[in-house]
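Work through the exercises below with the sequence and model in view. Try each task before reading its solution.

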Amino acid sequence: MFGAVDDGHPGDMKASELTTAPFRAGAALRDARLFHPSGALVQGRITRTAEPGKGLRIGDGEVIGRMSKGIGTPAGFPDFAGLAFRSQSDGQPWDVLMVSSVARVVLTPATSWSTAAFSTLMPFGYRDKIYWLRAELVSPTDFSGLDVAEIRRRLPEQPLVVSIEQAEGSGKFGPLAVLEFDRDLEDAWPEDIAFDPTLNHANGVTLLPEWLTALRRRAYRGSRQGRDAE
């Protein structure tokens, strides 16, 4: 089952701890996220652009997001660009994490926010079908680098608009939703938001394959524990 990672058996608990420990230690040494330590926390809305009932069940509503750098390179230097956002589905949080990539599953550094192509790297299972997500920043289009501070500087002047597309299986991508971030939350939100798509997901939606989802769940948990964000 998707949520059954540790079932209480001593051997499983030991394996879980061994898997979690390196990520916990890494986050503790950094005193920050082990993954994507540098980022801008933002708020806005998500608007569905797909036909009703077509594909994943993302709907309209408020959203919290984070634009980040995977390694944390300084200033505008290239890095693995990250996009995370949390919407609501049936009254519960749904986290989606994406990173710069090519061909859906090949992680690749980005040189600017404007040219980064984001992917979830792992597909979603829903109603016996498989769906992939990809995204790109459609406005502004003139970022010259990958500087998190530049996002925060521009946000009061111009919202960040992100287009999200979905594809069923190996099919073509089509519209799913649009994200519009218009508020910087860095100073207004003191808590460390732990985006975790392995725990926060819509009813009936799962990350695939399940064995990799379990590994990611332990890695995220270790990172949260290391920076005391549980």
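The exercises go from the whole chain to single side chains, and the model is a predicted one.

**Exercise 1. Which parts of the chain carry the lowest and the highest confidence?**

Solution.
- Start with the chain as a whole. Its mean pLDDT is 82. A value of 70 or more is reached by 77% of its residues.
- Then go by element. Helix α1 (residues 10-30) has the lowest mean, 35. Strand β9 (residues 160-168) has the highest, 98.
- Now look along the sequence. Residues 1-32 stay under 50 in pLDDT. The model still gives this segment 47 contacts beyond four places in sequence.
- Draw the consequence. Low pLDDT means the predicted coordinates should not be read in detail.

**Exercise 2. How many helices and strands does the chain have, and in what order do they run?**

Solution.
- Count the elements: there are 3 helices and 11 strands.
- Read from the N terminus: α-β-β-β-β-β-β-β-β-α-β-β-β-α.
- Add the contact pattern. Take contacts between residues at least 6 apart in sequence; 62% of them join residues at least 24 apart.
- Finish with burial and surface. Of the 230 residues, 47% are buried. The accessible surface comes to about 11,300 Å², and carbon and sulfur atoms hold 55% of that.

**Exercise 3. Which strands pair with β1, and in which sense?**

Solution.
- Locate the strand. β1 covers residues 38-48, and 8 of its 11 residues are buried.
- Take one partner. β2 (residues 61-69) runs antiparallel to β1, joined by 9 bridges.
- Take the other. β10 (residues 174-184) is also antiparallel to β1, with 7 bridges.
- Use G44 as a reference point. Its bridge partner in β2 is V63. In β10, F181 stands opposite G44.

**Exercise 4. What does the salt bridge between R45 and E62 tie together?**

Solution.
- Check the distance. The closest N and O atoms of R45 and E62 are 3.1 Å apart.
- Place the residues. R45 lies in β1 and E62 in β2, so the salt bridge ties together parts 17 residues apart in sequence.
- Check exposure. R45 is partly exposed, at 40% relative accessible area. E62 is partly exposed too, at 48%.
- Set the pair in context: the structure holds 9 salt bridges.

**Exercise 5. Which residues are linked with E150 in a network of salt bridges?**

Solution.
- Begin with R153. Its side chain meets that of E150 at 2.7 Å, N to O. Both residues lie in helix α2 (residues 148-154), 3 residues apart, or about one turn.
- Go on to R154. Its salt bridge with E150 has closest N and O atoms 3.1 Å apart. R154 and E150 are 4 residues apart in α2, so about one helical turn separates them.
- Compare the accessibilities. E150 is partly exposed at 22%. R153 is partly exposed at 45%. R154, at 13%, counts as buried, because the cut-off is under 20%.
- Complete the network: D142, E150, R153 and R154 are linked.

**Exercise 6. Which residues make the nonpolar surface patch of about 230 Å²?**

Solution.
- Name the members: V102, V105 and V106.
- Place one of them. V102 belongs to strand β4 (residues 92-102).
- Test its exposure. V102 has a relative accessible area of 45% and is partly exposed. Patch residues need over 30%, so V102 passes that cut-off.

Note on methods:
Residues are numbered from 1 along each chain as its sequence is written. This is a predicted model: local features need pLDDT of at least 70, side-chain atom pairs count only at pLDDT 80 or more; totals for chains, interfaces and linings use all residues. Side-chain values use heavy atoms; hydrogens and water are left out. Buried means under 20% relative accessible area, exposed over 50%, partly exposed in between (1.4 Å probe, protein chains only). Helices (H or I, at least four residues) and strands (E, at least two) are DSSP runs, numbered from the N terminus. Two strands pair if DSSP finds at least two bridges between them. pLDDT is the predictor's confidence in each residue, from 0 to 100. Contact means heavy atoms within 4.5 Å. Patches are made of residues with over 30% relative accessible area and no salt bridge: like charges are joined within 9 Å, nonpolar side chains (Val, Leu, Ile, Met, Phe, Trp, Tyr) within 5 Å. Accessible areas come from the Shrake-Rupley method with a 1.4 Å probe; for residues, only the protein chains shown count as cover. A salt bridge is a side-chain nitrogen of Lys or Arg within 4 Å of a carboxyl oxygen of Asp or Glu.
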